[in-house]
Amino acid sequence: MVTKQIKYLIIKELKLEMRNKYALGGILLYVVSTVFVSYLSFKKIVTPATWNALFWIILLFASINAIAKSFIGETRGKLLYMYTLASPQAVILSKIIYNSVLLLVLSGLCLLTYTLFIGNLIQDLPLFLITLLLGSFGFSSLLTMVSAIASKAGNNFTLMAILSFPIMIPLLMVLIKLSKNAIDGLERWDINYLLVLMFLNFIIVALSYLLFRYLWRD
Amino acid sequence: MKKNWWKIIAIVFVFYTLIAGFLIPVPAQPILHETIRNLYFHVPMWFSMMTILFVSVWHSIKHLGNSDIQSDIIATQAANTGMMVGLLGLVTGSLWAKYTWGAWWVADIKLNGAAITMLIYLAYFVLRGSIDEEQKRARIAAVYNIFSFVMLIVFLIILPRMSDSLHPGNGGNPGFSKYDLDSNMRMVFYPAVIGWILFIVWIFTLKVRLEKLKRKTLFDE
């Protein structure tokens, strides 16, 4: 039942996105322009720590921009209509899944342009890609929930940023640590950090699943 | 009187901490010297903050269950008191750090945790401020409170275990139990923790009463 609802809601999101291509194009362009601006200011980056930090900061801001709109687009009437058709769990899970795919595309593009302009220092690509995959999923689930909260409170971008930054720090620190390991190409993978990252993802999704139904009732 | 026995314990223990904490001899250590007495003030602040923030989250969960505005008042005032105690913890810690580590602020996992706690609860109050409707504000703030508290716990409990800290008792630095051979410090530290926690809880109950009175007078007008 819920899986079927999720399927249809994701299709709905995709259709809306396709009808409104400039929004998707805008966010992709945002990543490319940010990377280009960084390239013009930094030229080539050779220190792994700076490379890593800049990469994640660009991705962080791009993700917030991409996901901030996920509840803004929904008008009151549309939300009301959706709530009579689907369960809140299906709504939040479908948004999380859809946003994860969006962020995966975004982070892939970010990595590509970043490599092209600023250079590539990664020595252990598989670990970096796993980190990026788990990171995109974590970012998307956390930001989707925060954007749902922000949408109830006037919906401005500042609020979205101040609500999400402090609770994103645990996630971001684990991600930066793991991707630093990937850049340095350490012999052994730090399984503990990977486990913590998966645990964080699980907790965020579980909390969203439990708490979202209290947000949608108006 | 029967209901207020714990307030008497709070006063006695806090005064005991203030007097004994400064008078009872402490182990003489290089670098630390007398600053070791900060243990009686700085550490109980963090214990009290976590206690009071837990109270806040507990009442946020209760509010989601029963939509009672009383729970919301308690949750807000607890978060408010928690912020105040956290600020005191930061100030006492910062002063201590200046004389032992040589800087007001250092890059340390526990300091980052403290800063994030402050940011989260500041954001919580900004969120409250941006919603006008009372019931809606209470519910959405409760959701954010629960969500961010869990992330905070993860940050404060899991991550420090995985990296070193400059704090005593972490990363190869000896904790105070190593120096405290004649248990002099324990005799002050444990009452200090209990005293400060009770004292802060008292402040919190006063804040709740004040807030309820404010709303009552508003309602009567």
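Reader: Hi! Are α8(A) and α5(B) roughly parallel or roughly antiparallel to each other?
Author: This is a predicted model, where local features need pLDDT of at least 70 and side-chain atom pairs count only at pLDDT 80 or more, while totals for chains, interfaces and linings use all residues. Residues are numbered from 1 along each chain as its sequence is written, with chains lettered from A and ligands numbered from 1 in the order in which they are written. Helix α8 (residues 191–216) of chain A and helix α5 (residues 134–162) of chain B have axes that come within 10 Å and cross at roughly 170° (lines fitted to C-alpha atoms over the stretch in contact, with angles from 0 to 180 degrees between N-to-C directions). Under 35 degrees counts as roughly parallel, over 145 as roughly antiparallel, 65 to 115 as roughly perpendicular and the rest as oblique, so these two helices are roughly antiparallel.

Reader: Nice. By class, how many nonpolar residues does the contact of α8(A) with α5(B) have?
Author: Contact requires C-beta atoms, placed from the backbone, within 7 Å. Residues including Leu200(A), Ile203(A) and Leu207(A) of α8(A) meet a set in α5(B) that includes Ile146(B), Phe147(B) and Val150(B). Ala, Val, Leu, Ile, Met, Phe, Trp, Tyr, Cys and Pro count as nonpolar, Asp, Glu, Lys and Arg as charged, and the others, Gly among them, as polar. Beside one polar and one charged residue, the nonpolar count in this contact is 15.

Reader: Which element gives the largest share of the side of chain B that touches chain A?
Author: Happily, there is a full tally: 24 residues of chain B are in contact with 21 of chain A. On chain B, this side has 20 nonpolar, two polar and two charged residues. Two or more residues each come from α4 (109–129) and α5 of chain B; the largest share, 15 residues, belongs to α5(B).

Reader: Where does α7(A) bend?
Author: Good one to check! A straight helix of 28 residues would span 40 Å at 1.5 Å a residue (times one less than the residue count), yet α7 (residues 157–184) of chain A spans only 35 Å between its end C-alpha atoms. Pro170(A) follows the bend within four residues, and the angle is about 45° (between axes fitted to the seven residues ending there and the seven starting there). The bend is at Met168(A).

Reader: And how far apart are the end C-alpha atoms of α5(A)?
Author: This helix, residues 88–117, is followed by Gly119(A), whose phi is positive, near 110°. Its 30 residues should span 44 Å, which agrees with an end-to-end C-alpha distance of 43 Å.

Reader: Finally, how many helices does chain A have?
Author: Helices (H or I, at least four residues) and strands (E, at least two) are DSSP runs, numbered from the N terminus. Chain B comes to seven helices and zero strands. Chain A also has zero strands, and its helices number eight.

Technical notes
Contact = placed C-beta atoms within 7 Å.
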